[in-house]
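Here's a walk through the fold of one protein chain, strand by strand and helix by helix. Keep the viewer open as you read.

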Amino acid sequence: MGYKKTLQWMFAQLPMYQKKGRQAYSGKLETIQEFTAYLDDPQHKFKSIHVAGTNGKGSCSHMLSSVLQEAGYSVGLYTSPHLKDFRERIKINGAKVPKAYVLDFVQEHQEYIASHHLSFFEMTVAMAFTYFARQQVDIAVVEVGLGGRLDSTNIITPEICLITNIGYDHQSILGNTLEKIALEKAGIIKPNVPVIISEYHKTTAPIFNIIATQKRAKIVFAEDEVQQQYQTDLLGAYQQKNIKGVVTCIKHLKGFQITEQQLKLGLQGVVKNTGLLGRWQILSEEPKIICDTAHNKEGLSEVLRQLKNEPFKSLHVVLGFVNDKDVEQLLSLFPRAATYYFVKPKVPRGMDLKSLKNLAAAQKLRGKTYDSVKKGLKAAKESADKGDIIYVGGSTFVVAEVV
């Protein structure tokens with residue numbers, strides 16, 4: 001198989017969360033542990049930072065990687081999902097894993113992957129860890145895929161853990177209370193490994209304190225440590241919350257020499273150093289088009305708060321969702337004084353347009369439906385004047401089609 005056919009095999013044959021949702025989530029670690037044992041346990045051959053949380057874990061992972069790169073280290077970065085290219089998931093110092101490596105890994109282990117019924121995510125985690133071990137990175141920043149306790153990435157023993165925040169997302173898997181969700185995220189806390197909590201919340205802090213005490217892990221709440229205001233090239237006021245966790249994590253990371261200047265340069269050069277896409281990303285200026293991957297209540301609330309503060313004559317919203325979200329609750333966050341372009345992202349879980357329009361109408365959000373994101377954005381551009389704003393979002397998969 002060539003590279004293109006290899007990707008097609010991966011996407012078609014392996015259960016993939018972005019396509020199938022909950023049924024692609026294994027909810028166990030045995031399969032990934034067996035596969036990495038077969039691969040000679042690459043996860044034990046490099047140092048790492050483990051990042052979990054409901055919102056901000058992708059941004060924080062990229063910030064951490066950028067800072068460590070500025071300090072001169074070779075830095076692996078594992079994140080998910082990808083927006084445009086599968087290889088976005090696996091990078092070293094901002095460079096995507098080579099196509100040849102992806103091709104060779106799948107061909108070499110295809111029989112094992114198929115016969116042991118690995119999920120897409122399990123296969124990808126093992127591929128990343130093997131790549132980082134072979135390339136002898138100084139450290140890898142590893143973003144949790146979903147939850148923490150039973151996530152396939154949770155086979156590493158990191159130097160430090162970072163938990164960004166806790167909100168209501170993936171409730172059918174992680175639980176329907178903040179305490180239950182926090183317990184799943186806290187599953188990445190390891191014995192004697194420090195853990196940083198970006199945002200203090202009175203409901204979840206006791207959970208983190210209990211688990212950290214049980215594991216004899218030092219716990220630090222970033223809000224107690226960082227008073228200084230740092231700047232980042234990642235736009236979006238919500239990044240200030242993420243920065244506190246990142247700065248605290250860097251300050252408590254042992255064995256790595258990082259100056260204050262390198263910290264500042266790293267925070268200000270995230271896009272350049274890592275290639276991060278889709279976080280309050282401005283696609284054009286006249287009219288101003290903004291896209292953001294926020295897709296749950298807490299994330300969208302932050303984004304819409306900032307959108308409200310933007311100067312514009314009229315607001316146009318290109319909006320789509322996937323089926324396993326509480327879309328009715330999410331729609332209630334959006335302003336009524338806007339023109340809506342309801343779209344369906346190109347994934348099997350993309351929400352049916354008729355259902356979306358009906359739910360939106362119940363919230364007094366008015367607009368037309370378009371059977372693709374590109375058609376919705378094209379219509380918005382044709383309707384918008386220079387002083388207007390077009391916002392594109394609702395789902396990572398909507399944003400993936402416009403960046």
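Helices (H or I, at least four residues) and strands (E, at least two) are DSSP runs, numbered from the N terminus. With that in place, Pro287 can be put in the loop between β9 and β10. This is a predicted model, in which local features need pLDDT of at least 70 and side-chain atom pairs count only at pLDDT 80 or more, while totals for chains, interfaces and linings use all residues. Residues are numbered from 1 along each chain as its sequence is written, and side-chain values use heavy atoms, with hydrogens and water left out.

**The eight-stranded sheet**

Let's start with pairing: two strands pair if DSSP finds at least two bridges between them. On that basis, 8 strands make an open sheet with mixed pairing, in the order β4-β3-β2-β5-β1-β6-β7-β8. The edges belong to β4 (95–96) and β8 (219–221); each has a single partner strand, so one side of each is left without a neighbour in the sheet.

Go inward and you reach β1 (residues 48–52), which pairs with β5 (residues 139–143) in the parallel sense over 4 bridges. Across that pairing, Ile49 stands opposite Val141 in β5. On its other flank, β5 pairs with β2, again in the parallel sense and over 4 bridges. Here Tyr78 has Val142 in β5 as its bridge partner. β2 also pairs with β3 (residues 90–92), but in the antiparallel sense, over 3 bridges, and the bridge partner of Gly76 in β3 is Ile92.

In a regular strand the side chains alternate between the two faces of the sheet. In β2, Val75 and Leu77 point one way and Gly76 and Tyr78 the other way. Are these residues of β2 buried or exposed? All are buried, where buried means under 20% relative accessible area, exposed over 50%, and partly exposed in between (1.4 Å probe, protein chains only).

**Helices on that sheet**

For what follows, contact means heavy atoms within 4.5 Å. Axes are lines fitted to C-alpha atoms, for helices over the stretch in contact, and angles run from 0 to 180 degrees between N-to-C directions.

Helix α10 (residues 239–252) lies across β1, β6, β7 (195–197) and β8, and runs at about 170 degrees to β6. How does α10 pack with α4, and at what angle? The two pack at about 45 degrees, with their axes 9 Å apart. That makes α4 oblique to α10, since angles under 35 degrees count as roughly parallel, over 145 as roughly antiparallel, 65 to 115 as roughly perpendicular and the rest as oblique. From the α4 side, the contact is made by Ser59, Cys60, Met63, Leu64, Val67 and Leu68; from α10 come Gln239, Asn242, Ile243, Val246, Cys249 and Ile250. By class, the contact has 9 nonpolar, 3 polar and no charged residues. The classes are simple: Ala, Val, Leu, Ile, Met, Phe, Trp, Tyr, Cys and Pro count as nonpolar, Asp, Glu, Lys and Arg as charged, and the others, Gly among them, as polar.

**The six-stranded sheet**

Further along the chain, another open sheet has 6 strands in the order β9-β10-β14-β11-β12-β13, with mixed pairing. β9 (281–285) and β13 (367–370) stand at its edges with a single partner strand each, so one side of each is left without a neighbour in the sheet. From one strand to the next, the twist averages 15 degrees. β10 (residues 288–291) and β14 (residues 389–393) run parallel and are joined by 4 bridges, with Ile290 opposite Tyr391 in β14. Helix α15 (residues 353–362) lies across β11 (315–319), β12 (339–343) and β13, at about 150 degrees to β12.

**Backbone oddities**

Most residues other than glycine have a negative phi, and most peptide bonds are trans. Here are some exceptions.

| Site | Feature | Value |
|---|---|---|
| Ser80 and Pro81 | cis peptide bond, omega | about -10 degrees |
| Glu286 to Pro287 | cis peptide bond, omega | near -5 degrees |
| His117 | positive phi | about 55 degrees |
| Trp280 | positive phi | near 45 degrees |

Pro81 is in the loop between β2 and β3. His117 sits in the loop between α5 (99–115) and α6 (120–134), and at 66% relative accessibility His117 counts as exposed. Trp280 is in the loop between α12 (270–274) and β9; at 3% relative accessibility, Trp280 counts as buried.
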